[in-house]
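Subject: Structure for you to look at

Hello,

Here is the structure I said I would pass on. Please open it beside this message and follow along; my notes come after it.

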Amino acid sequence: NDGIVEGDESLILGIDSPTNATRGPQYIHTIKIVDPPEVSFATVSSTQPENAGVTWLKVELSKGSTQDVTVSFAHAGSAAWGAGKDYVTSPGSLTIPSGSLSGMLKVEVKDDKFDEVDEIAMISLSSPVHAVFGKNTSHKLTIIDDDDPPQISFFVPTQVVSEEIGVFTTILTLSEISGKTITLPYTLSGTTTSGDYTIHDPSPLIIPPGTSSVDIQMDIHEGDGMEEDETLIISLDSPQHAVLGSISDQTIVITESSAQPTVNFAAANTNLVEGDLVVNLYVQLNN
């Protein structure tokens, strides 16, 4: 190892004028001495905001070379690579010309418009030509999300339903989809009692990533006889990975389905003997 930048070399050995032997047909041997540089990323990690646009990664050689060095790239991590995805790199294969010590890989970061967790792009060197891998064969790029969390709210502040409806669903909407799991607690109040309804989606609601709306489904139970209209109030509490929108409470008015009762005397007449008496006359309702 002479430490000189010189590229590949060849040493040719030949058999010449042997004694007590005859030179055969294979009397030439060539030894190829390879002298490639090491290729590496200049840094092992970096951090960029989602709205960074274009950033660059330096790929460098340990020494110069008389040959062009070419290296490709592989992609892994939680960030998606490719057109229309979280990021894209170019060129697909980077060439460092002979005599140069480095080249630059272009990284374009896409600025999407929904809240998500920070993402990791693992970019690795692959298939070097006229070079060997150096120390830093991978670069970890952390993409920091810069979007506000979505707002979550009821579609309308009030809904009116009959107690005969049976199954009833109220809808919560998100202002935009999120890349995070949202946890949304809520409380119940109003003039109803627990026997008037059964909730099928209890608090807290778990809203998975990519969801634009979520339902609260319940059974409304029909009571016996006539009663006043009742209210069930659903009040949203502070969510995780979201904020409350303008309509954070909804009042569900449950109207009475039974007709008004009729009132009658229990009997059409009563016969009494005159005297100091207290007479009980019974009045009845039909329901």
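Five strands form an open sheet in this predicted model. Their order is β7-β9-β5-β3-β11, and the pairing is mixed. Which strands stand at the edges? They are β7 (87–90) and β11 (132–133). Each has a single partner strand, so one side of each is left without a neighbour in the sheet.

For β11, you can look at the pairing in detail. Strand β3, residues 38–41, runs parallel to β11, and two bridges join them. One residue to find there is V39, whose bridge partner in β11 is F133.

A second place to look is strand β13, which covers residues 151–154. With strand β22 (residues 243–244), β13 pairs in the parallel sense over two bridges. With strand β15 (residues 167–174), β13 pairs in the antiparallel sense over three bridges. I152 is a useful residue to select here: it stands opposite L244 in β22 and opposite L174 in β15.

Next, please select H139, which is part of strand β12 (residues 138–144). Is H139 buried or exposed? Its relative accessibility is 1%, and buried means under 20%, so H139 counts as buried. The side chain of H139 reaches the backbone oxygen of T43 at a distance of 2.8 Å. T43 is also in the list of residues in contact with H139 once neighbours within four places in sequence are left aside. The others in that list are F41, V44, S45, S46, L57, A121, M122 and I123.

The last item is on the surface. A nonpolar patch there is formed by V263, F265, L272, L277, V279, L281, V283 and L285. Together these residues have about 820 Å² of accessible area. Which strands each supply at least two residues of the patch? They are β24 (263–265) and β25 (283–285). V279, another member of the patch, lies in the loop between β24 and β25. Why does V279 count as partly exposed? Its relative accessibility is 39%, and partly exposed means between 20% and 50%, so V279 falls in that class.

If you want an order for viewing, start with the open sheet, then go to I152, H139 and the patch.

Regards

How values were computed: Residues are numbered from 1 along each chain as its sequence is written. This is a predicted model: local features need pLDDT of at least 70, side-chain atom pairs count only at pLDDT 80 or more; totals for chains, interfaces and linings use all residues. Side-chain values use heavy atoms; hydrogens and water are left out. Patches are made of residues with over 30% relative accessible area and no salt bridge: like charges are joined within 9 Å, nonpolar side chains (Val, Leu, Ile, Met, Phe, Trp, Tyr) within 5 Å. Accessible areas come from the Shrake-Rupley method with a 1.4 Å probe; for residues, only the protein chains shown count as cover. A salt bridge is a side-chain nitrogen of Lys or Arg within 4 Å of a carboxyl oxygen of Asp or Glu. Helices (H or I, at least four residues) and strands (E, at least two) are DSSP runs, numbered from the N terminus. Buried means under 20% relative accessible area, exposed over 50%, partly exposed in between (1.4 Å probe, protein chains only). A polar contact is a pair of N or O atoms within 3.5 Å; within protein, one must be able to donate a hydrogen and the other to accept it, and residues adjacent in sequence count only if both atoms are side-chain atoms. Contact means heavy atoms within 4.5 Å. Two strands pair if DSSP finds at least two bridges between them.
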